Amino acid sequence: MENQGLKELYIDELKDLYSAENQLVKALPKLAKGSASQELRAGFEEHLEQTKGHVERLEQIFEMLGESPKGKKCAGMEGLVEEGSEVMKEDLEGAVLDAALIGAAQRVEHYEIAAYGTARALAETLGESEHVSLLEATLAEEKETDEKLTDLAKQINQQAVSGDRVQPERDQAQGKKRARRIA
Ligand SMILES: [Fe+2]
């Protein structure tokens, strides 16, 4: 009986994640478009592709469970996405805008890291080892994205304090070179 309750909770957590990831699939192109630097834009675009994979992994889990992934709206992600769009409405530009967008994106990543950690723990308890592997694969990508954002923030914050001293041309060339390793 207790196990049944835990399984219901697990499915509920997964539905929440499914909603969160789908909201992110819609929000990431906007964040990419709103980024000042090519590097951050490329990072958001890369994470969009990863996020589509996260949706697919969740669909695989739901298929194994014989359950529908639909039926829940993740209010947490809704709020985080809303905060991200507020950042874009503010009167920010250049590196300061990007620093603010990274702040919003890292809140999203931390939220997802917490949610996937919970789901993984529930999957472990319920003995769903295939689910554990899938959830862990996504969790690792979320953590990696968060770390990349931390690295990018160091660089962008530095640009923000040094103002316009950085040549736009040089900026672009660097963006192209680094775009591949940023998520
Ligand atoms: Fe994700």
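## A buried glutamate between two helices

Let's start at a loop: E128 counts as buried because 20 C-beta neighbours sit inside 10 Å of this residue. E128 belongs to the loop between α4 and α5. Also in this stretch, just after α4, G127 adopts a positive phi of about 75°. The model you are looking at is a predicted one.

E128 can also be placed relative to L65, a residue 63 positions away along the chain: the two C-alpha atoms are separated by 9.8 Å.

## The overall fold

Stepping back, the protein chain has 6 helices and 0 strands, so a walk from the N terminus reads α-α-α-α-α-α. The chain has 183 residues, and 36% of them count as buried.

The contacts are worth a look too. Taking those between residues at least 6 apart in sequence, 80% join residues at least 24 apart.

## Helix α5 and what covers it

Helix α5 takes in residues 129–161, and its length adds up nicely: 33 residues at 1.5 Å each should span 48 Å, which agrees with the 48 Å between its end C-alpha atoms. After α5 comes G163, with a positive phi near 60°.

Which residues of α5 are buried? They are H131, L134, L135, T138, E141, E142, T145, L149, L152 and I156. The cover over the buried residues of α5 includes α2 (38–65) and α4 (94–125), and each of these two partners deserves its own section.

## α4 against α5

Helix α4 can be checked in the way used for α5: its 32 residues, at 1.5 Å a residue, should span 46 Å, and the end C-alpha atoms are 47 Å apart, which agrees.

The axes of α4 and α5 are 9 Å apart, and the helices pack at an angle of about 160°. Angles over 145 degrees count as roughly antiparallel, so α4 is roughly antiparallel to α5. Their crossing is left-handed. The residues of this contact comprise 17 nonpolar, 8 polar and 9 charged.

## α2 against α5

How do α2 and α5 meet, and at what angle do their axes cross? The axes come within 10 Å and cross at roughly 165°, which makes α2 roughly antiparallel to α5. Here, too, the crossing is left-handed.

On the α2 side, the contact uses E39, L40, G43, H47, Q50, H54, R57, Q60, I61 and M64, while α5 supplies E130, H131, L134, A137, T138, E141, T145, K148 and L152. By type, the residues of this contact split into 6 nonpolar, 8 polar and 5 charged. Several α5 residues in this contact are buried, among them H131, L134, T138, E141, T145 and L152.

## α3 against α4

Helix α4 has a further partner in α3, which covers residues 75–89: the axes of α3 and α4 come within 9 Å and cross at roughly 175°. The two helices are therefore roughly antiparallel to each other.

From α3, the residues making the contact are G76, M77, L80, E83, G84 and V87; from α4, they are A100, L101, A104, R107, V108 and Y111. This contact divides into 8 nonpolar, 2 polar and 2 charged residues.

Conventions
Residues numbered from 1 in each chain as written. Predicted model: local features only at pLDDT ≥ 70, side-chain atom pairs only at ≥ 80, totals over all residues. Helix = DSSP H or I, 4+ residues; strand = E, 2+ residues; numbered from the N terminus. Buried ≥ 20, exposed ≤ 12 C-beta atoms within 10 Å, placed from the backbone. Contact = placed C-beta atoms within 7 Å. Expected span 1.5 Å × (residues − 1). Axes fitted to C-alpha atoms, helices over the stretch in contact; angles between N-to-C directions. Parallel < 35°, antiparallel > 145°, perpendicular 65-115°, else oblique. Left-handed = near helix turned anticlockwise from the far one by under 90°. Nonpolar A, V, L, I, M, F, W, Y, C, P; charged D, E, K, R; others polar.
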